[in-house]
Amino acid sequence: LINYIQKISNYKPLIGSIVMNCNPFTLGHRYLIEYAASRVEHLFIFAVEEDKSFFPFKDRIELIRKGTADLSNVTVIPSGQFIISAITFTDYFGKSELQDKTIDASMDLEIFGMYIAPALNINIRFAGEEPIDKVTKQYNEQMKKILPTYGIKFEEVPRKEAGGNVISASRVRQLLKFKDFKEIKKLVPRSTFEYLKKNFS
């Protein structure tokens, strides 16, 4: 019976998830979503709801929705208070000061594995590789260890590059300081570009 159960469990539909802050939504985020969506039956994007970013949550989630509107198997939902939040993973929001600190994201990931994933039948989680930010890199390492203990696969996806560098939201924010819309245009979808032009030019 155990062998049979293992065998038939291979027929379970793959339901994927990504947790994203998108501060703001870039072509790198879009690439990761496209990659994940092409590998699962359905993909849930959890937009980090904690309002501790440069761009407010209501704008960030709207940009994700606009930037993925053409992908029929993608649903964008708020992350609530229990996925990368001040309650579950405070260190995420002080990343710039904590690059040399060892972080512990186990509470965040155990809540995801125990409660959130089963509620939506999620059995795989995707994240972009993190070559720059040490806090996110540690989070990815902990996902690799913790999620499989809850029957959730974890896949780290190489980041999309532009001009020899990985596309990052922090790069977009940097360019925004100098109002360098010519360079920004290369890094973000049209919906994000129009939002930035309208609000910051």
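A surface patch, as the term is used here, is made of residues with over 30% relative accessible area and no salt bridge, nonpolar side chains being joined within 5 Å. In this predicted model, a nonpolar patch of about 630 Å² is formed by Leu1, Tyr4, Ile5, Ile8 and Tyr11. One of these residues, isoleucine 5, lies in helix H1, which covers residues 2–9. Isoleucine 5 has a relative accessible area of 44% and is therefore classed as partly exposed.

**Helix H4**

Helix H4 runs over residues 106–119, and its 14 residues reach 19 Å from the first C-alpha to the last, close to the 20 Å expected at 1.5 Å a residue. The helix nevertheless contains a kink of about 40 degrees, centred on glycine 113, and Gly113 is also among the buried residues of H4, which are Asp108, Leu109, Ile111, Phe112, Gly113, Ile116 and Ala117. Against what do these buried residues of H4 pack? Their partners are strand E1 (15–20), strand E2 (42–47), strand E4 (124–128) and helix H5 (134–146). Asparagine 121, which follows H4, has a positive phi, near 55 degrees.

**Salt bridges**

Side chains of opposite charge can pair when their charged atoms come close. The structure holds nine salt bridges, and the table sets out three of them with the N to O distance and the relative accessibility of each partner.

| Basic partner | Acidic partner | N to O distance |
|---|---|---|
| Lysine 58, 61% | Aspartate 59, 17% | 3.1 Å |
| Lysine 186, 48% | Glutamate 183, 25% | 2.7 Å |
| Arginine 190, 67% | Glutamate 194, 45% | 3.3 Å |

In the pair formed by lysine 58 and aspartate 59, the lysine counts as exposed at 61% relative accessibility, whereas aspartate 59, at 17%, counts as buried. In the bridge between glutamate 183 and lysine 186, glutamate 183 is partly exposed at 25%, and lysine 186 is likewise partly exposed, at 48%.

The bridge between glutamate 194 and arginine 190 belongs to helix H8 (residues 190–200), where the two residues are separated by about one helical turn because they stand four residues apart. Glutamate 194 is partly exposed, with a relative accessible area of 45%, while arginine 190 is exposed, with 67%. Elsewhere, Arg30, Glu34 and Asp70 are joined into one network by salt bridges that share partners.

How values were computed
Residues numbered from 1 in each chain as written. Predicted model: local features only at pLDDT ≥ 70, side-chain atom pairs only at ≥ 80, totals over all residues. Heavy atoms only, no water. Patch = residues over 30% accessible without salt bridge, like charges linked within 9 Å, V, L, I, M, F, W, Y side chains within 5 Å. Areas by Shrake-Rupley, 256 points an atom, 1.4 Å probe, with all protein chains shown as cover. Salt bridge = Lys/Arg side-chain N within 4 Å of Asp/Glu carboxyl O. Buried < 20%, exposed > 50% of the residue type's maximum accessible area, 1.4 Å probe, protein only. Expected span 1.5 Å × (residues − 1). Bend = angle between axes of the 7 residues up to and from the residue. Contact = heavy atoms within 4.5 Å.
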